[in-house]
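Good morning. I will take one structure today and go through it piece by piece. Please have a look at the sequence and the model first.

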Amino acid sequence: MTSSPPGSQAPAIPAAVYVLAAGVFAMVTSEFAVAGLMPQLAESLDTDIAQIGYLVTIFAVAMAFGGPLLILALLRLPPKTAIMVVFAIFFAGNLLAALASSYAVMVVARIVTGIAAQAFFGLTVSLCMRIVDASVRGRAVSVAMSGLMLGTLLGLPLATFIGGRLGWQAAFWAVAVLTAVAAALTSVLVRNPRDPDESSAETETFTEQLRAIRSPRLLLALVSSTLIIGATFSVFSFLAPILTRVSGFTESSVPLLLLAYGAATLLGNFVVGRLADRRTVPTLLVGTLLNIVFLLGFALGTGSRPLAILFMLGIGLVGVTMNPAMAVRVQRAGGTGVLVNTVHASFITFGVVLGSALGSRLLAEYGLRAPIVLGVVLAVLAVAAILPALRDPRPRDGSVAGPQRVIQEERPAYTG
């Protein structure tokens, strides 16, 4: 695939990328559903809220460790076939959740869906980058990841509403139906990238991806992604209690505030997607520096309602929205291979676990402002992990790692 000549109109994003975003939306809605249904789940499964909370952790751990293992099992399949297999596994996991009559069965369901979700994210980012022009890969990832933002903005309240009105099982049935619709659209509208030498080069590609994962350049990019996401989730995980107990907002106003936060992430995702391809490292650096400012402002000014809203929206604009730039940096350091992108998704998940777990520990000992301070520290470390890339011209000029990938860049994107 060749990049567009300078000054020419950017190529359009194909419909397949939007279809893949629908799949991401289904995965994220399932991930967050438990958070909105904790009381009902605890009562129905004869356990307590703390045990239901572990279902969130179990999902994240399954994503981080199980996703790459599933990708290894699917690596020799064409990308579309692998995605359809993952859809089937995810669908089965949500059916199991909807039919769960005990906590143990729900744990199994969360493990299955967590593994499938992580594999899907890796497959989606990899496929998006391979079916679009190299000059718009950041935009393509931002479109696909808009499913993640919409899952946060709409998926959680939708699952909570359905579960509250029709029972928690209905929420997982709804996710299963949404998954089936996304899978059907994928089967019709998504095609495999044209790669005529792929069948003869699978082993070499796999070896190359493993070699890339061990490279310091890629490892630094992966670590920076973990720290960026960790900085954001150290605050996002505790937004509701911070806003009510420190800022003084009523509980009834929190959903509207979270809706505003979600809208900020959508806007930020769009802007970063437009900048990620040509200004990858500067976008990451400026965005993370701004996040430090907003996190500091939130820590110091969260006692004031106007300041709390202002800085909360700022965190939404430049936090998780760095995803497109992070993905482009990883691609240019390690290629578009699905294993590399799935490992990247796992490092992002580590960031979620890092921010929420350390934030919980600090909150218990030092209060609700402590997770925000943790976010500042993680963001500063993220800047330190980004700065070395400024001395490397490759992440900025659009080149990729390895001679094989240069050859792949010159191939047409689609089979039809």
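Let me start with one alanine. Ala170 sits in helix H7, which covers residues 168–189. Is Ala170 buried or exposed? The relative accessibility of Ala170 is 17%, so the residue counts as buried, since the cut-off for buried is under 20%. Eleven residues away along the chain is Ala159, and the two C-alpha atoms are 8.5 Å apart.

Before I go on, a word on what you are looking at. This is a predicted model. The mean pLDDT of the protein chain is 85, and 89% of the residues reach 70 or more. Two stretches deserve caution. Over residues 196–204 the pLDDT stays under 50, and the model has six contacts for them beyond four places in sequence. Residues 395–416 also have pLDDT below 50, and that stretch has 66 contacts in the model beyond near neighbours in sequence.

Now the whole chain. How many helices and how many strands does the protein chain have? The count is 18 helices and zero strands. The chain has 416 residues, and 55% of them count as buried. About 16,700 Å² is exposed, and carbon and sulfur atoms supply 69% of that area. Take the contacts between residues at least 6 apart in sequence: 85% of these join residues at least 24 apart.

Back to helix H7, this time at another residue. Val177 is in helix H7 as well. With a relative accessible area of 52%, Val177 is exposed, because the cut-off for exposed is over 50%. Val177 belongs to a nonpolar patch on the surface, together with Val181, Leu185, Val188 and Leu189. The accessible area of these residues together is about 440 Å².

Next, the interior. The largest nonpolar core has 101 residues. Which of them touch the most other members? They are Val17, Val86, Phe120, Phe121, Leu218 and Phe298. Helix H5, residues 103–130, gives the most to this core, with ten residues. Apart from it there is another core, of 20 residues, and Leu37, Met38, Ala100 and Trp168 are among them. As for Phe121, it touches Val24, Met27, Val28, Met63 and Ala345, if we leave out residues up to four places away in sequence.

Two serines are worth a stop. The first one I will take is Ser30, in helix H1, residues 15–36. Ser30 has 1% relative accessibility, so it counts as buried. What does Ser30 touch, not counting residues up to four places away in sequence? The list is Phe90, Asn94, Arg110 and Val175.

The other serine is Ser225, in helix H9, residues 216–236. Ser225 is buried because its relative accessible area is 1%. Leaving aside neighbours within four places in sequence, Ser225 is in contact with Met326, His344 and Ile348. Ser225 and Ala345 are 120 residues apart in sequence, yet 9.1 Å apart in space from C-alpha to C-alpha. Ala345 came up before, as one of the residues that Phe121 touches.

Here is another pair of that kind. Ala263 is in helix H11, residues 254–275. Its relative accessibility is 41%, so Ala263 counts as partly exposed. Met149 is 114 residues away along the chain, and the C-alpha atoms of Ala263 and Met149 are separated by 8.4 Å.

On to charges. How many salt bridges are counted? The count is one. The side chains of Arg361 and Glu365 form it, with 3.7 Å from N to O. Both residues lie in helix H15, residues 338–366, and they are four residues apart, about one turn of the helix. Arg361 and Glu365 are both exposed.

Last, a loop. Asp46 lies between helix H2, residues 38–44, and helix H3, residues 49–74. The phi angle of Asp46 is near 55 degrees, which is a positive value in a residue other than glycine. Is Asp46 buried or exposed? At 74% relative accessible area, Asp46 is exposed.

That is the tour. If you take one thing back to the viewer, follow helix H7, with Ala170 buried and Val177 exposed. Thank you.

Note on methods
Residues numbered from 1 in each chain as written. Predicted model: local features only at pLDDT ≥ 70, side-chain atom pairs only at ≥ 80, totals over all residues. Heavy atoms only, no water. Core = buried A, V, L, I, M, F, W, Y, C linked by side-chain atoms within 4.5 Å. Buried < 20%, exposed > 50% of the residue type's maximum accessible area, 1.4 Å probe, protein only. Helix = DSSP H or I, 4+ residues; strand = E, 2+ residues; numbered from the N terminus. Contact = heavy atoms within 4.5 Å. pLDDT = per-residue confidence, 0-100. Patch = residues over 30% accessible without salt bridge, like charges linked within 9 Å, V, L, I, M, F, W, Y side chains within 5 Å. Areas by Shrake-Rupley, 256 points an atom, 1.4 Å probe, with all protein chains shown as cover. Salt bridge = Lys/Arg side-chain N within 4 Å of Asp/Glu carboxyl O.
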